[in-house]
Amino acid sequence: MPRDSRYDVLFEPVKIGPLTTKNRFYQVPHCNGMGYRDVTALATMRGIKAEGGWGVVCTEQVEIHPSSEITPFIELRLWDDQDIPALARTSEAIHRHGALAGIELAYNGMNGSNFYTREVPMGPAHLPIATFFNDPVQARAMDKQDIADLRRWHRNAAIRARRAGYDIVYVYAAHAFCVLQHFLSRRTNDRSDEYGGSLVNRMRLLREVTEDTKEAVGDGGAVAVRISVDEMVGESGLQKEEIQEVISRMAELPDLWDLTLSGWDQDSRTSRFAEEGSQEPFIAGLKALTTKPVVGVGRFTSPDAMVRQIRKGLLDLIGAARPSIADPFLPKKIEEGRLEDIRECIGCNICVSGDFTQAPIRCTQNPTMGEEWRKGWHPERIAPKRSEAKVLVVGGGPAGLECARALGQRGYEVTLAEARGELGGRVTLESKLPRVAAWARVRDHRIQQLGKLANVGVYLDSAMTAGQILEFGAGHVVLAAGSNWRRDGVARFHLKPIPVDGAMPLFTPDDVMAGNLPGGHVAIYDDDHYYMGGLLAEKLVALGCAVTLITPASEVSNWTRNTMEQHFIQARLLELGVSIVTNRAVSEVRADCIVIACAFTGRTSELPADAIVMVTARLPNERLTRELTERRGDWAPAGVISVKAIGDALAPSTIAAAVYAGRRYAEEFDAPAIGDALPFRREVTGLAPL
Ligand SMILES: Cc1cc2nc3c(=O)[nH]c(=O)nc-3n(C[C@H](O)[C@H](O)[C@H](O)COP(=O)(O)O)c2cc1C
Ligand code: SF4
């Protein structure tokens, strides 16, 4: 289908200094947990973005000098010429598909503890390192020689970046991750020399480094400045007024302005805490200060929202990190008039968790993300079927839906049987919890795609017994029936059931999501530590309950540190009046109260309550797996060749893991057995001479 003419503006070329990008789709820098460790995997991922139509594809932040590195995070490095080939691999992959390659040079200053290099970090002032982990390290205040050194290192990195094939070279002053922002902000700059005090002084280093980079990059390349327009800490930090002045004073110096919020948690807010386009008030009016193109972000997945940004004169280029992760082919789909095929980001920040866990990036919506090279997966393509095999998928949650969709895309005849009257499983239930409606996109995208596949039959209200499965006669059976929350207190703190008096009303998240609700004073025991405890607290407060959330961790929803939401969640719960009891585990449920024990001393106290909700571990729905295994003797006569449980039905985990499990089944189905060989490729570091 030809593209809708309303979106033509998105496909206009834009000049960036001496270069021209073919359209307005701009993949802003984003890290990915691969960096210097998984070079070819990273290059392949960027290449696929370019193939998907992004006019500009950038790297993540690239460490430019050993005196500033952010171990344990795994980024790219450009410390000396040795790093050029690895970086060139990515720029070549980007160029192969006609996109411009951008590189973000980063000197993290007081944001890196230098645990790998053991160099003393530097910044504008003597201040503790501001990492996510409260490292016991301080940065030392830079003297004039340090500033001269830094300028030289940045210049050298820019020259190397051009040698590595990059078109756009970034000066990074955003997210509080970079020394240039540390100099710019009154919060971190207490200097009394010409680099401190007035704004003109505080922006001196940014100006100098931008001038140096312009000179180093030369006539053929472009220089971008990425700057945060608000540090979101009120008057003590950078706000729009100061950034307006910075942009006015340096308006025509860079070839492009890239605007964000600071810190990273504010910039990449989850859908639970920010809507698409939520950065608009922060950037409004800034474009008028320069004739140079401006890129900005806001989890843009809707072409209408993108067009509005251009038409309203807010942006010239539509920046995207997460939308490009969830759907690397987003621009192509708009161009080809295939809006219904767009896999919209759900704003869950599982992609961010890859970075925090030093694991290759993963995405809830796009299970191929991070697997492009090591498994050869592609977000749009999959190998055609190798046989006429027929597959029955039991369960239409995230794993079953993706499995049926991907097998169907391969051309297999697939039957998807769902016990309930609607598809989506846990995604359908969880997306009805407060402010996470966007999660339903995981289901909706797949239902939409299944609708195009005549070879996939979908049956609702079709609970199946083992006998019916055998009778059905599909050669291959996939069991994706999900999991159930436990009622007995078993999770991380207690590995054995705790004493429970049946007189106390006891609920699980399954009960609450099914509409079986507690009332009065409700204790939520959260030994799960991801989002469920916090979401249920919000829901129950909205229903008029008084809620006490008890957790053995020292903060609520502790794992959401990896999605950069923890502090937002804790603040929201406190604002809602939820009483938060940390470092305590529920050790007994009595008829009229909950006994809670200190996680450190074991000392107990009693909490009167009308009901308790156990957010603890889950158990896979294994009934069918067990019954079918017991009837193994009936398989061959019934024509069944294989039975396999996937996703939560095998071992409960995230929605992302369930989608991945569905995809993996489909990718590996009918493939030759690999025995004990590794199920993916990896890049082994070449040994240096002794
Ligand atoms: C996984 C991930 C990694 C990121 N890494 C970087 C980075 O290395 N450098 C940077 O300037 N911004 C980084 N960002 C911020 C993005 O560039 C972007 O500004 C932010 O995510 C908002 O855009 P979005 O809503 O399109 O995701 C990252 C974002 C994500 C989601
Ligand atoms: S992991 Fe979640 S937030 Fe990140 S790109 Fe995928 S869907 Fe979006």
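Q: How do the residues of the shell around ligand 2 divide into nonpolar, polar and charged?
A: This is a predicted model, where local features need pLDDT of at least 70 and side-chain atom pairs count only at pLDDT 80 or more, while totals for chains, interfaces and linings use all residues. Residues are numbered from 1 along each chain as its sequence is written, chains are lettered from A and ligands numbered from 1 in the order written, and side-chain values use heavy atoms, leaving out hydrogens and water. The shell (residues with a heavy atom within 4 Å) includes Arg322, Cys345, Gly347 and Thr364. With Ala, Val, Leu, Ile, Met, Phe, Trp, Tyr, Cys and Pro as nonpolar, Asp, Glu, Lys and Arg as charged, and the others, Gly among them, as polar, the split is 8 nonpolar, 3 polar and 1 charged.

Q: Which helix gives the largest share of the shell around ligand 2?
A: Helices here are DSSP runs of H or I with at least four residues, strands are E runs of at least two, and both are numbered from the N terminus. α11 and α13 each supply at least two residues of this shell. The largest share, 3 residues, comes from α11.

Q: Which residue puts a polar side-chain atom 2.4 Å from an oxygen atom of ligand 1?
A: Take polar contacts as N or O pairs within 3.5 Å; within protein, one atom must be able to donate a hydrogen and the other to accept it, and sequence neighbours count only if both atoms are side-chain atoms. Gln61 offers a polar backbone atom 3.1 Å from a ligand 1 oxygen, and Arg322 a polar side-chain atom at 2.8 Å. The 2.4 Å side-chain contact belongs to Asp267.

Q: How much of the accessible area that ligand 1 has on its own does the protein cover?
A: Ligand 1 has 22 residues around it, Pro29 and Arg226 being among the closest. Accessible area comes from Shrake-Rupley with a 1.4 Å probe; for residues, only the protein chains shown count as cover. Of the 600 Å² that ligand 1 has on its own, the protein covers 99%.

Q: At roughly what angle do the axes of α3 and α6 cross?
A: Axes are lines fitted to C-alpha atoms, for helices over the stretch in contact (heavy atoms within 4.5 Å), and angles run from 0 to 180 degrees between N-to-C directions. Ile147 and Leu150 are among the α3 residues in the contact, with Leu205 and Val209 among those of α6. The axes come within 9 Å, and they cross at roughly 35°.
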